[in-house]
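Welcome, and please open the structure in your viewer. We will go from stop to stop, with something to select at each one.

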Amino acid sequence: MSRFTTLFGFHSTAADVVAGVDLGGKRAIVTGAAGGIGIETARALAAAGAAVTLAVRRPRAAEEVAQELRRSTGNSAIDVRHLDLSDLQSVKSFTAAWKGPVHILINNAGIMAVPELEKTPQGFELQFGTNFLGHFALTTGLHQALAAAQGARVVSVSSTGHLFSPVLFDDLSFDFIPYSPLVAYGQSKTANALLAVGITHRWISEGICSNALHPGAIATGLQKHIGGVKTPVDKRKTLEQGASTSVMLAASPLLEGVSGLYFEDCNQAEEVAKRPTNFTGGYAAYAVDRDNAERLWDLSLKLIA
């Protein structure tokens, strides 16, 4: 099977990939849209005419972001809603309160390399619980809203960090395995990639497409626990470049009907046989494996029940 490629690439910005795209009448949700690439993702979608909901843990801080986005895009249809992905009760409240269709859902929020083993209110390892399980509960909780859009797209932000670990099905919360910040992060990001595969096989017949992506190395608050970005300067991206692949998967007509793939630099990534040590990226077969996706989906439904 040939790789899915576009004319966009490493240096493309979110504004580049959405140029000429009209999202008028469409509703988008971006998690973690009060900082980092989340802001630029929301900006590009709003600039193209979408009504955008910033789903965030700290609504008061995000309201300032929303005001700036309304000013800069000329789009007043930007609202802020509370969502704490680490707490399944918060996710349930968010999905229960949602009315109407969702055309674009961007599972963007995340935490990275939490130094010590921490658990969510429901007892899951914090990175798995926040980065994946909260987004799984959000996505499945919005299933009917996504189906109602008749052509919805779900975009999950993974990372080359997924190359540090597959999903550890027998010990998701490190009750036996000694806790490792990067292994835990890797597991959560593999799970994000598998979510796109699971959605594709379950919901594609309802017009719901889903892909996952690595945004690139961007200096944000995400790396606070590892002392900042380690990637060489020439391989780093700006926030606007970092948001480009998310926005392309969410809004570009090029992606019509494309689903279940893993992207980086606005193109489908290449599979690698082992984790590279030179910051070149790629994806592991375990992160797009259908059997893994099925097992994770079934297990996750039990975990959030």
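## First stop: a pair of helices

Select α5 and α7: their axes cross at roughly 15° and come within 7 Å. The model you are looking at is predicted. With that angle, α5 and α7 are roughly parallel to each other, because anything under 35 degrees counts as such. The crossing of these two helices, α5 and α7, is right-handed.

Now show the side chains where the two helices meet. On the α5 side, pick Gln-127, Phe-128, Asn-131, Phe-132, Phe-136, Thr-139 and Thr-140. Their partners in α7 include Pro-181, Ala-184, Tyr-185, Leu-195, Ile-199 and Trp-203. Colour by residue class, and the contact of α5 with α7 shows 10 nonpolar, seven polar and one charged residues.

## Second stop: α5 again, with another partner

Keep α5 selected and add helix α10, which covers residues 290–304. How do the axes of α5 and α10 cross? They do so at roughly 90°, coming within 10 Å. The two helices α5 and α10 are therefore roughly perpendicular to each other.

In this contact, α5 contributes Phe-128, Phe-132, Leu-133, Phe-136, Ala-137 and Thr-140. From α10, select Leu-296, Trp-297, Ser-300, Leu-301, Leu-303 and Ile-304. By class, the contact of α5 with α10 has 10 nonpolar and two polar residues, with no charged ones. Linger on Phe-128, Phe-132, Phe-136 and Thr-140: they appear in the contact with α10 and also in the contact with α7.

## Third stop: α2 and α9

Next, select α2 (residues 36–47) together with α9. Their axes lie 9 Å apart, and the packing angle is about 40°. That makes α2 oblique to α9. As α2 passes α9, the crossing is right-handed.

Which residues make the contact between α2 and α9? Thr-41, Ala-44 and Leu-45 come from α2, while Ser-246, Val-247, Ala-250 and Ala-251 come from α9. Sorted by class, the contact of α2 with α9 has five nonpolar residues, two polar ones and no charged ones.

## Fourth stop: salt bridges

Time to look at charged side chains. A search of the whole structure finds 11 salt bridges, and we will visit some of them.

Begin with Arg-70 and Glu-63, whose side chains meet at 3.1 Å, N to O. Arg-70 is partly exposed, with a relative accessible area of 24%. Glu-63 is partly exposed as well, at 30%.

Move on to Asp-175 and Lys-119, which meet in a salt bridge at 3.2 Å, N to O. This pair links distant parts of the chain, 56 residues apart. Asp-175 sits in the loop between β5 (153–157) and α7 (181–203), and Lys-119 in the loop between β4 (104–107) and α5 (126–141). Asp-175 counts as exposed at 54% relative accessibility, whereas Lys-119, at 38%, counts as partly exposed.

Now select Arg-153 and Glu-256, which form a salt bridge with their closest N and O atoms 3.6 Å apart. Arg-153 lies in strand β5 and Glu-256 in the loop between α9 (244–251) and β7 (262–264), so the pair ties together parts that are 103 residues apart in sequence. Is Arg-153 buried or exposed? At 10% relative accessibility, Arg-153 counts as buried, whereas Glu-256 counts as exposed at 61%.

To finish this stop, select Glu-40, Arg-43 and Glu-68 as a group. Salt bridges that share partners join these three residues into one network.

## Last stop: two backbone surprises

For the end of the tour, turn to the backbone. Most residues other than glycine have a negative phi. Select Ala-113, which is not a glycine yet has a positive phi of about 55°. You will find Ala-113 in the loop between β4 and α5. With a relative accessible area of 3%, Ala-113 is buried.

Then select Asp-265, another non-glycine residue with a positive phi, here about 50°. Where is Asp-265 placed? Look in the loop between β7 and β8 (267–268). At 25% relative accessibility, Asp-265 counts as partly exposed.

Terms used: Residues numbered from 1 in each chain as written. Predicted model: local features only at pLDDT ≥ 70, side-chain atom pairs only at ≥ 80, totals over all residues. Heavy atoms only, no water. Salt bridge = Lys/Arg side-chain N within 4 Å of Asp/Glu carboxyl O. Buried < 20%, exposed > 50% of the residue type's maximum accessible area, 1.4 Å probe, protein only. Helix = DSSP H or I, 4+ residues; strand = E, 2+ residues; numbered from the N terminus. Axes fitted to C-alpha atoms, helices over the stretch in contact; angles between N-to-C directions. Parallel < 35°, antiparallel > 145°, perpendicular 65-115°, else oblique. Left-handed = near helix turned anticlockwise from the far one by under 90°. Contact = heavy atoms within 4.5 Å. Nonpolar A, V, L, I, M, F, W, Y, C, P; charged D, E, K, R; others polar.
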